[in-house]
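Biologist: Could you walk me through one part of this model up close? I'd like to hear about the place where the two chains meet.

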Amino acid sequence: MTSWQDRLERSREDVDPGWDDARSELALVALVRKKKRRTRIRTAALATVAVAGLAWTTLHIPEPASAPTVVVQHQSAESEPSDARLVHLIDGSRVLLLSPEARVHNLNQQADLIALDVAAGRYRFDVEQRPSRAFVVGAGGVSVTVLGTRCVLELGESAVHVFAERGSVHIEAHGQIHKLNDGQRAEVPLLAPTKTKHVLRNDTDKTKRWKTLAERGGYDAAFAVLKQKSTPKVRDRTEELLLAADVARFSGHPRSAVPYLEQVLKKHRKDPRASLAAFTLGRVWLRELGQPRQAADAFADARAIAPDHPLAEDALAREVEAWHQAGETQRAQQRATEYLLRYPDGRRVAHVRRLGDLD
Amino acid sequence: MTPAKKGRPHLYAVGVNDVPPVQPDDAPLTLDQAFRRFAPYVAAIGLRILGRNDEVDDLVQEVFLAAQRSLKELRQPGAIKGWLATVTVRLAGQRLRKRRLRSWLRLDDGFDYEDVAATTADPSDRLLLARIYAQLDRVPSKQRIAWTLRYIEGERLEHVALLCACSLATAKRRIAAAQAAVDRVLGDD
């Protein structure tokens, strides 16, 4: 085998879509929706053919002049620009790139959040209505949370133009939040204005503020508020600690997420979400902080807390990966053997065999 | 092996990575059950053929929509995996052909394949994969798929031929043709 083939053999498992349970559930929802839509289209098409056939028959059979003909009118769907490019998201939402320079970056798709950044250009967002999922667009430092189902955004050199075509949006810029209702437009300058025409209500409840920002997907702003000295400490409650950890992670401060996750494991081990906290901590240590030993311990903890949790299989596979990265080949092999015994048909069998040196 | 019905695809002919029956009574799987069990597998094949993770979700949905009608007809649920692999290869091929057409019409701006491999991969391996996938974008889809199945998915030649629904000789020819294109970027690798 040539050297490039050796390398492909070695890196084969690295070409992995990262298909986890959350992505699977979202894709299944989209699949069911697509199936229903196609059934409706097929039914409508059959009905159209049937009616057209009836109309043709009616026109071609000699009938008294007074016999009525059936006329069916269809309203065509709203047409899209012919040169628009499409980005399909896993929850069924779409991003239409309406100008040639339009680009989508940093796409982050989770079960409870879809976040993306856009470059200069014009975009239309067709957003599937899901109350439990935030849809946040970053445009030149302006954060737009789409609450409705259609929003048009244009990022220019000096301003962001937002049109809430269907439903409302929240625009977060320069430390303030503006709401656009159905049919309203806004122009948001990219430079912080020296004089604001609209003064937002002064929210002195800092705890409520960072949580509200986070729940709307404004993680950068939420982290900024969280770190202010005047903000009270995050309360020792699982949901608040997990939310604070997400704020830290999604705003690009993974190390700041660690204490929150560790607090959940220290004080709330019996909470049903503790295993998820351990798993998330493992991912942060491994993927974002490059600390595989700590990651391995966290993944092991995730399984210890909830051995039958749906994440347990993935936690064990990642523990193998972590020990492998730490250079602990014996431990990696032991965990790999355990994985193969527990999950002989597991999704990560090949990956685990390679990392555990069991090939 | 039960002969296929006349005019129907040979659902039992593909034995790629067959798994034991998933249910004790060999009852056909529902779409939900099949999806939950095999979507990760389809996604992995899909990514390795397409090279673009943002296209994988659509492909997975299309595969199961196409396969759902046949799920009830499979008498050996253990053959579902192989059947899904065949459907995945076929639909991924359609996507690749559309992509080449869009590229020819200057509607596809290319793709940065640096992220096709996980961030934990060796950096030089990541670069190698990025270069290979960029080059594969210039190769006809049938050749690309055959080569990808052989060298990235790691399939045996006989299985490549099965999945591509072609003869062994044709599979070898396609792989060789794609290899000639890939060789240009491999250089001294």
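Modeller: Sure, starting with charges: the rule picks out three salt bridges across the interface of chain B and chain A, a salt bridge being a side-chain nitrogen of Lys or Arg within 4 Å of a carboxyl oxygen of Asp or Glu. One of them joins the side chains of B:D58 and A:K34, at 3.3 Å from N to O. Keep in mind that this is a predicted model, where local features need pLDDT of at least 70, side-chain atom pairs count only at pLDDT 80 or more, and totals for chains, interfaces and linings use all residues. Residues are numbered from 1 along each chain as its sequence is written, chains are lettered from A and ligands numbered from 1 in the order in which they are written, and side-chain values use heavy atoms, with hydrogens and water left out.

On the chain B side, the elements giving two or more residues to the face that touches chain A are α1 (31-50), α2 (56-71), α4 (123-136), α5 (141-151) and α7 (168-186); helices here are DSSP runs of H or I, at least four residues, numbered from the N terminus. The largest share, eleven residues, comes from α1(B). By type, that side of chain B divides into 24 nonpolar, eight polar and 13 charged residues, with Ala, Val, Leu, Ile, Met, Phe, Trp, Tyr, Cys and Pro counted as nonpolar, Asp, Glu, Lys and Arg as charged, and the others, Gly among them, as polar.

As for the whole interface, 45 residues of chain B are in contact with 33 residues of chain A, contact meaning heavy atoms within 4.5 Å. The two chains bury about 3,700 Å² between them, 56% of it on carbon and sulfur atoms; that is the accessible area (1.4 Å probe) that two parts lose on being put together, summed over both.
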